[in-house]
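Subject: Structure for your review

Dear colleague,

Please find below the structure that I am handing over to you. My notes on what was found in it come after the sequence and coordinates.

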Amino acid sequence: MKKNIAVLKGDGIGPEIVDQAILVLDTVGKKFGHEFTYSYVDIGGCSIDKYGVPITDEGMAICKASDSVLLGAVGGPKWDNVDPSIRPEKALLAVRKELGLFANLRPTKLFPQLADASPLKENIVGNGIDLMIVRELTGGIYFGARRTTIENGEKTATDEMTYSEHEIERIGRVAFESARKRGKKIASVDKANVLDSSRLWRAVMHKLSEEYPYVEYSDILVDNTAMQLVKNPGQFDVIVTENMFGDILSDEASMLTGSIGMMPSASLSSGTLGMYEPIHGSAPDIAGMDIANPIGTIMSVAMMLRFSFDMMEEADAIENAVNKALDDGYRTADIWKDRFKKVGCKEMGAIIASDL
Ligand code: IPM
Ligand code: MG
């Protein structure tokens, strides 16, 4: 198969981790007889520096015309004070919106090899953590009306959170389908004791759950979810939630597994076009030092093969190679403990590629 991938390396550690993911993709391509070609697009701060905008129209067009998009990370202190309308993050939100990437899948899995990297005690993570956060990605407060007004010398700022039934139903379907293929259990997270948008969310999810009688359904409030994630993470299979709750809970969940550097994500549209990226940020403090963990990005590429290209065997091969590297004791600094072999970003990428 031939596939063209739009590559958005972005800022900070973005370029380093994406380079390792591309090495892995090229190795998979050689092994399984696929041809991957890459179209590079600037995104975030590096694009602001070159073009004055966080992504150009041409860049966006390349993403739209590609078979899928691979992203590193955007942002950094250098661009913290630019006008809000051109912040690096704006480009990320624009790509999500323009490509219709409404479903964000964030699998959170504790690699057994890393059980002692988790900040949680053995009696809590001992049974393993394997959950899938399904986050709505193109609605809610991220995309609602926003304004800052001034009256009598005092400023007032407003961000609206809006959801319509069709937006809730389509993300609900993705989550139920995911639960059907996994542990057949779904927790729908909301704040229905306070928010109207959450009450609608809950009503739509209840209706949908009638179509999936074999999936065990429950409602859970977002504050309680935050607590349950650290108290008993093993109780969760699929978690489905709106955009901002999902943003917050997925960072929390990733930490249970020891390092946010391990966690991949897929942002899917109703077709096969998707965007794949690690869930961590651009980590400007360690950029260019060759110590970042490329595994989240490499695992994202495995998700790309599985979800956009229907290459199941190839995706399994990448995940097995990551497992082997961990089994063999290789660790980047974020997951390293004294008895293991500390490797840099490039070396980790090379080891995983050679295990393929
Ligand atoms: C994420 C990130 C983004 C988000 C930022 C960079 C805009 O935190 O993908 O979780 O909030 O969605
Ligand atoms: Mg986030």
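The notes below go through the domains, the core, the aromatic contacts, the salt bridges and one loop residue.

Please bear in mind that this is a predicted model.

Domains and core

The domain assignment divides the protein into domain 1 (1–101 + 263–356) and domain 2 (119–257). Taken over C-alpha atoms, the centres of domain 1 and domain 2 are 24 Å apart. Seven residues from domain 1 and nine residues from domain 2 take part in the contact.

The largest nonpolar core consists of 69 residues, and those with the most contacts inside it are Ile5, Ile186, Leu305, Ile318 and Ile352. Helix α10 (residues 295–307) supplies the largest share of this core, namely eight residues. Both domain 1 (1–101 + 263–356) and domain 2 (119–257) contribute at least three residues each to this core.

Isoleucine 5 may serve as an example from this core. With its neighbours within four places in sequence set aside, isoleucine 5 is in contact with ten residues listed here: Leu25, Phe36, Thr37, Tyr38, Ser39, Ser66, Ser68, Leu70, Met304 and Phe309.

Aromatic contacts

A search of the whole structure yields six aromatic pairs. In one of them, tyrosine 163 and tryptophan 201 meet edge-to-face, with 5.7 Å centre to centre and 75° between the planes. This pair links distant parts of the chain, 38 residues apart: tyrosine 163 is in the loop between β7 (154–159) and α6 (165–181), and tryptophan 201 is in helix α7 (residues 196–209). Are these two residues buried or exposed? Tyrosine 163 counts as buried because its relative accessibility is 8%, and tryptophan 201 is buried as well, with a relative accessible area of 2%.

Phenylalanine 176 and tyrosine 217 form a stacked pair, 6.1 Å centre to centre with 15° between the planes. Here too the pair links distant parts of the chain, since phenylalanine 176 is in helix α6 and tyrosine 217 in strand β9 (residues 216–221), 41 residues apart. Phenylalanine 176 has 0% relative accessibility and therefore counts as buried. Phe176 and Tyr217 also belong, with Tyr212 and Tyr214, to one aromatic cluster.

Two arginines are placed over aromatic rings. The charged end of arginine 135 sits over the ring of tyrosine 142, 5.3 Å from its centre. Arginine 331 lies over the face of phenylalanine 340, at 3.9 Å from the ring centre.

Salt bridges

The structure contains 25 salt bridges. Among them is the one between glutamate 98 and lysine 64, whose closest N and O atoms are 2.8 Å apart. Glutamate 98 belongs to helix α4 and lysine 64 to helix α3 (residues 57–65), so this pair ties together parts that are 34 residues apart in sequence. Glutamate 98 counts as partly exposed at 45% relative accessibility, and lysine 64 is partly exposed with a relative accessible area of 44%.

A salt bridge also joins the side chains of arginine 173 and glutamate 211 (2.9 Å, N to O). Because arginine 173 lies in helix α6 and glutamate 211 in the loop between α7 and β9, the pair ties together parts that are 38 residues apart in sequence. Arginine 173 is partly exposed, with a relative accessible area of 29%; glutamate 211 is partly exposed, with 45%.

The side chains of arginine 306 and glutamate 319 likewise meet in a salt bridge (2.9 Å, N to O). Arginine 306 is in helix α10 and glutamate 319 in helix α11 (residues 312–327), so the pair ties together parts that are 13 residues apart in sequence. Arginine 306 counts as partly exposed, at 22% relative accessibility.

Asp80, Arg87 and Glu89 are linked in a network of salt bridges.

A loop residue

Where does valine 82 lie? Valine 82 is in the loop between β3 (68–73) and α4 (88–98). Neighbours within four places in sequence aside, valine 82 is in contact with Ile48, Arg87 and Pro88. The C-alpha atoms of valine 82 and isoleucine 48 are separated by 9.3 Å, and the two residues are 34 residues apart along the chain. Arg87, one of the contacts of valine 82, is also part of the salt-bridge network with Asp80 and Glu89.

With kind regards

Technical notes. Residues are numbered from 1 along each chain as its sequence is written. Chains are lettered from A and ligands numbered from 1 in the order in which they are written. This is a predicted model: local features need pLDDT of at least 70, side-chain atom pairs count only at pLDDT 80 or more; totals for chains, interfaces and linings use all residues. Side-chain values use heavy atoms; hydrogens and water are left out. Helices (H or I, at least four residues) and strands (E, at least two) are DSSP runs, numbered from the N terminus. Contact means heavy atoms within 4.5 Å. A nonpolar core is a set of buried Ala, Val, Leu, Ile, Met, Phe, Trp, Tyr and Cys residues joined through side-chain atoms within 4.5 Å. Buried means under 20% relative accessible area, exposed over 50%, partly exposed in between (1.4 Å probe, protein chains only). Domain bounds come from an automatic or database domain assignment. Rings of Phe, Tyr and Trp (its six-membered ring) pair if their centres lie within 6.5 Å; planes under 30 degrees apart count as stacked, over 60 as edge-to-face and the rest as tilted. A charge sits over a ring if NZ of Lys or CZ of Arg is within 6 Å of the ring centre and within 35 degrees of the ring normal. A salt bridge is a side-chain nitrogen of Lys or Arg within 4 Å of a carboxyl oxygen of Asp or Glu.
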